[in-house]
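This report walks through one protein model, beginning with the terms needed to read it. Please keep the sequence and the 3D view open while you read.

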Amino acid sequence: MTDYAQQHEIASDLFTTPETDADWQSLALSPEQVASFERDGFVFGINVFDADQVERLRTDLAQLAGPNPPGRELFYEYHANESKDPSSCLFHALGAWRTTPLFHDVLWAPMVGMASHQLLGGGVVRFLHDQLFCKPAGHGGNVAWHQDYSYWNWTAPMAHLTCWIALDDVDEENGCLWYVPGSHLWPELPPTGLTGDMDAVRSVLTDSQFADFERRVPVILKRGQAAFHHPRTMHGSFPNVSNRPRRATLVNTVRDGVCSAVGPDDPGNMREKFHAPADGELLAGTFFPKLFDPATCNLSVPVTNL
Ligand SMILES: O=C(O)CCC(=O)C(=O)O
């Protein structure tokens, strides 16, 4: 079985990488989109893949989420069903990039690199890990409200980003993502569980923070479109009660310079799970490839000040 983590260049013909500075420039998020990310902690509706590309990814995904998935041993985590409710199903897996050329190449999708560069404040973008989150039609499970950085405290400083790419048209019925605007400015919260009680996070929130959930926004997307969110943006998703699946592929990125913070004893065993380097060392090398380097194109694009 090929481990595509060994390869830090495109492994398939899923897309062509822009060649000229002007081609890269044409992908840039607008100043308004960057400003809305700064204000709200998210921006969405960004086109990443077309219908054919989505179809090819869905075909690979069907294998990866089916019985005897190829490269099962290469995943960092693999949950055929992570839902706490036995009557519903939430497929969640980290590490697909190691198993098929197409999911490997999702990391290097030009729009993922460009938007990450802009939303991480400029500079070189590195890979942290990928994720698949899929909810079958009719009985897809929820993802409880959380901040991503609650689960990333084995890395520091915080300079992280999530890119969530829809592989189906997603809306309130099939369990789309929801964001609480402005919650990226809240302090770091302890983890209260990714699945199970949707509102478990309530126990660690102030009344005023919980009141902000009234302003939550559904992330309605067409297949192939992406949402980007800040590592502290509060988000979650409700069950899929529609007769359509809800599948998504995610790329989690960091600004170059983020280090391993596994602690001297690595209590979470992150060095084994994510191939993290020793405490205090830069995330780099085989498992943390560079995804975007502005030195390769002569860029002048709006970036965040976060
Ligand atoms: O796909 C989902 O419903 C949850 C995604 C999520 O937790 C994330 O984007 O960090």
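A residue is called buried if 20 or more other C-beta atoms lie within 10 Å of its own, exposed if 12 or fewer do, and partly exposed in between, with C-beta atoms placed from the backbone. Helices (H or I, at least four residues) and strands (E, at least two) are DSSP runs, numbered from the N terminus. The structure is a predicted model, in which local features need pLDDT of at least 70 and side-chain atom pairs count only at pLDDT 80 or more, while totals for chains, interfaces and linings use all residues. Residues are numbered from 1 along each chain as its sequence is written.

## Two helices

Helix H5 (110-119) is mostly covered, since 9 of its 10 residues are buried. Among these buried residues are Met111, Val112, Ala115 and Leu119. Just after H5 comes glycine 121, which takes a positive phi of about 90 degrees.

Helix H2, made of residues 31-40, has Val34, Phe37 and Asp40 as its buried residues. These cover an arc of only 150 degrees around the axis, and therefore they lie on the same side of H2; the arc is that of the directions from the helix axis to the C-beta atoms. An α-helix has 3.6 residues a turn, so residues three or four places apart point the same way. The exposed residues Pro31 and Glu32 are carried by the face of H2 that is turned away from its buried side. What covers the buried residues of H2 includes strand S1 (42-47), H5 and strand S10 (225-229), where two residues are in contact if their C-beta atoms, placed from the backbone, lie within 7 Å. Glycine 41 follows H2 and has a positive phi, near 95 degrees.

## The nonpolar core and strand S4

A nonpolar core is a set of buried Ala, Val, Leu, Ile, Met, Phe, Trp, Tyr and Cys residues joined through C-beta atoms within 7 Å. The largest such core in this model has 68 residues, and those with the most contacts inside it are Val112, Ala115, Cys163, Ile165, Ala227 and Phe228. Strand S4 (residues 125-135) gives the largest share of this core, 6 residues. Alanine 227 touches Phe42, Phe44, Trp164, Leu177, Val219 and Leu221, leaving aside residues up to four places away in sequence. In soluble globular proteins, nonpolar side chains tend to be buried together.

Why is S4 largely enclosed by the rest of the structure? Because 10 of the 11 residues of S4 are buried, the strand is largely enclosed. The table lists its pairings, where two strands pair if DSSP finds at least two bridges between them.

| Partner of S4 | Bridges | Sense | One facing pair |
|---|---|---|---|
| Strand S3 (residues 91-94) | 3 bridges | antiparallel | histidine 92 and phenylalanine 133 |
| Strand S12 (246-255) | 10 bridges | antiparallel | alanine 248 and phenylalanine 133 |
| Strand S14 (residues 290-292) | 2 bridges | antiparallel | lysine 290 and arginine 126 |

## Around the ligand

The residues around the ligand are Phe133, Val143, Asp148, Thr162, Trp164, Leu177, His235, Ser237, Ala248 and Leu250, where a residue counts as near if its C-beta atom, placed from the backbone, lies within 6 Å of the molecule. Strand S7 (160-166), strand S11 (235-237) and S12 each supply at least two residues of this shell. The shell divides into 6 nonpolar, 3 polar and 1 charged; here Ala, Val, Leu, Ile, Met, Phe, Trp, Tyr, Cys and Pro count as nonpolar, Asp, Glu, Lys and Arg as charged, and the others, Gly among them, as polar.

S11 also belongs to an open sheet of 4 strands with the order S5-S11-S8-S9 and antiparallel pairing. Its edge strands are strand S5 (143-146) and strand S9 (217-218), each of which pairs on one side only. Between S5 and S11 there are 2 bridges, and histidine 146 stands opposite histidine 235 in S11.

## Details in the loops

The loop between strand S6 (155-156) and S7 holds alanine 159 and also proline 157, which is joined to alanine 156 by a cis peptide bond with omega of about -5 degrees. Alanine 159 is partly exposed, because 19 other C-beta atoms lie within 10 Å. Although alanine 159 and glycine 121 are 38 residues apart in sequence, they are 8.7 Å apart in space, C-alpha to C-alpha.

Asparagine 68, in the loop between helix H3 (51-64) and strand S2 (77-79), has a positive phi of about 50 degrees although it is not a glycine. Asparagine 68 is exposed, because it has 6 other C-beta atoms within 10 Å.
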